Amino acid sequence: MNIPTRPPVIDNSLLSRFEPITLERMDSIRLMNRIDTKFVTDTLMLKSILEDALNQGYMIFESDGERLHAYDSIYFDTDDLRMFTEHRRGKLARQKVRTRVYCESGLCFLEVKKKNNHSRTRKKRIEIPPADFQDFRSNPEACLWLSSHSDYSDDEVSPEVETFFNRITLVNKGLTERLTIDTSVAFMNLRTGASADLGAAVIIELKQDGRTHSEMKDILLKHRVKPFRISKYCIGVSLTDSSAGTGRFKEKIRYIDKLNKNFY
């Protein structure tokens with residue numbers, strides 16, 4: 001695996017102050033009326049957000065003593081970038097196909113993410129051998145699973161963009177919210193060979209039970225961090241493949257550039 005160096009951007013002394021939550025307890029949370037909302041900020045603001053989350057009693061996912069987890073994903077697409085193009089054009093019902101490896105544990109999955117016309121996202125996955133992370137298409141079981149869970153077959157897609165990031169996962173004390181915080185986000189285009197990163201930009205995704213009040217939304221509002229629709233895959237393609245066309249992602253890239261200019 002070609003994993004670039006991703007130094008932590010948050011002091012571990014801050015993360016160590018959170019109460020830990022195990023994967024088993026975290027996976028027991030069922031958000032039946034789930035709403036997903038993304039936000040983008042920078043690492044300086046993130047420290048203030050984490051301090052407020054700590055004061056509100058949020059817990060942090062811990063596995064084998066680690067609270068900052070490295071992820072490596074490869075997104076697959078058609079030769080004409082159909083999945084990227086549908087997202088760029090604003091098609092509501094769309095999907096993504098990717099492999100993902102959890103770098104500390106070595107667990108590897110083939111995943112399909114589907115978004116419907118009501119902006120609800122569903123993710124399904126199957127575990128695959130780590131050797132199939134770079135390209136699952138020689139695995140008959142994985143190929144059969146893909147054709148039965150997506151609109152694409154293995155002979156239609158190929159590796160497009162590899163994404164790398166470090167993730168912090170928080171859960172509120174009422175077990176009605178899960179927050180993922182992705183830092184040190186970087187991309188490698190597997191067709192063009194180009195690479196890029198998001199610098200100090202941080203991508204936050206809040207998964208909440210829509211029937212309950214969100215303490216995290218209050219925290220983000222306090223710090224003037226507003227909802228921001230973003231796809232790591234689409235931003236990665238836009239930054240590393242000039243022939244793909246940025247379209248509606250151009251404004252998002254400008255915003256991230258502005259964050260970095262202000263930060264540095």
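A residue is called buried when its relative accessible area is under 20%. The exercises below concern a predicted model.

**Exercise 1. Classify Phe 136 as buried or exposed, and identify its ring partner.**

Step 1. The relative accessibility of Phe 136 is 0%, so the residue is buried.

Step 2. Phe 76, at 1%, is buried as well.

Step 3. The ring centres of Phe 76 and Phe 136 lie 4.9 Å apart, and their planes form an angle of 65°. An angle over 60 degrees counts as edge-to-face, so this is the class of the Phe 76 and Phe 136 pair.

Step 4. Phe 76 belongs to strand E4, while Phe 136 is placed in the loop between strand E7 (121-127) and helix H5 (140-149). The two residues are 60 residues apart, and the pair links distant parts of the chain.

**Exercise 2. Determine the geometry of the ring pair formed by Tyr 75 and Tyr 233, and state which elements the pair ties together.**

Step 1. The structure holds seven aromatic pairs. In the pair of Tyr 75 and Tyr 233, the centres are 5.0 Å apart and the planes meet at 20°, so the rings are stacked.

Step 2. Tyr 75 is part of strand E4 (residues 69-77) and Tyr 233 is part of helix H7 (residues 232-240), so the pair ties together parts 158 residues apart in sequence.

Step 3. Tyr 75 has a relative accessible area of 5% and is buried. Tyr 233, at 1%, is also buried.

**Exercise 3. Describe the aromatic cluster that contains Phe 109, and find the arginines placed over its rings.**

Step 1. Tyr 71, Tyr 102, Phe 109 and Phe 165 are linked by ring pairs into a cluster.

Step 2. Over the ring of Phe 109 sits the charged end of Arg 125, 3.8 Å from the ring centre.

Step 3. Over the face of Tyr 71 lies Arg 167, at 4.8 Å from the ring centre.

Step 4. Arg 125 also takes part in a network of salt bridges with shared partners, together with Arg 98 and Glu 111.

**Exercise 4. Establish what surrounds the buried residue Glu 177, which has no salt bridge.**

Step 1. Glu 177 is located in strand E9 (residues 177-189).

Step 2. Its nearest side chain of opposite charge is Lys 217, 8.2 Å away. A salt bridge requires a nitrogen-to-oxygen distance within 4 Å.

Step 3. The side chain of Glu 177 does make a polar contact of 2.5 Å with the side chain of Tyr 58.

Step 4. Beyond its neighbours within four places in sequence, Glu 177 is in contact with several residues, among them Tyr 58, Leu 206, Lys 207, His 213 and Met 216.

**Exercise 5. Analyse the salt bridges of Asp 182, Glu 156 and Asp 135.**

Step 1. Side chains of opposite charge can pair when their charged atoms come close. The count in this model comes to 12 salt bridges.

Step 2. Asp 182 and Lys 232 meet at 3.0 Å, N to O. Asp 182 lies in strand E9 and Lys 232 in helix H7, so the bridge ties together parts that are 50 residues apart in sequence. Asp 182 is buried at 2% relative accessible area, and Lys 232 is buried at 13%.

Step 3. Glu 156 and Arg 82 meet at 3.9 Å, N to O. Glu 156 is in the loop between H5 and strand E8 (158-171), whereas Arg 82 is in helix H4, 74 residues apart. Glu 156, at 29%, is partly exposed, as is Arg 82, at 32%.

Step 4. Asp 135 and Arg 137 meet at 2.7 Å, N to O. Asp 135 is partly exposed at 27% relative accessibility, and Arg 137 is partly exposed at 31%.

**Exercise 6. Locate Asp 64 and Leu 81, two residues with positive phi, and compare their exposure.**

Step 1. Asp 64 is not a glycine, yet its phi is about 50°. Leu 81 likewise has a positive phi, near 55°.

Step 2. Asp 64 falls in the loop between strand E3 (59-61) and E4. Leu 81 falls in the loop between E4 and helix H4 (82-88).

Step 3. Asp 64 is exposed, with a relative accessible area of 76%, whereas Leu 81 is buried, at 7% relative accessibility.

How values were computed
Residues are numbered from 1 along each chain as its sequence is written. This is a predicted model: local features need pLDDT of at least 70, side-chain atom pairs count only at pLDDT 80 or more; totals for chains, interfaces and linings use all residues. Side-chain values use heavy atoms; hydrogens and water are left out. Rings of Phe, Tyr and Trp (its six-membered ring) pair if their centres lie within 6.5 Å; planes under 30 degrees apart count as stacked, over 60 as edge-to-face and the rest as tilted. Helices (H or I, at least four residues) and strands (E, at least two) are DSSP runs, numbered from the N terminus. Buried means under 20% relative accessible area, exposed over 50%, partly exposed in between (1.4 Å probe, protein chains only). A charge sits over a ring if NZ of Lys or CZ of Arg is within 6 Å of the ring centre and within 35 degrees of the ring normal. Lys and Arg count as positive and Asp and Glu as negative; His and the chain ends are not counted. A polar contact is a pair of N or O atoms within 3.5 Å; within protein, one must be able to donate a hydrogen and the other to accept it, and residues adjacent in sequence count only if both atoms are side-chain atoms. Contact means heavy atoms within 4.5 Å.
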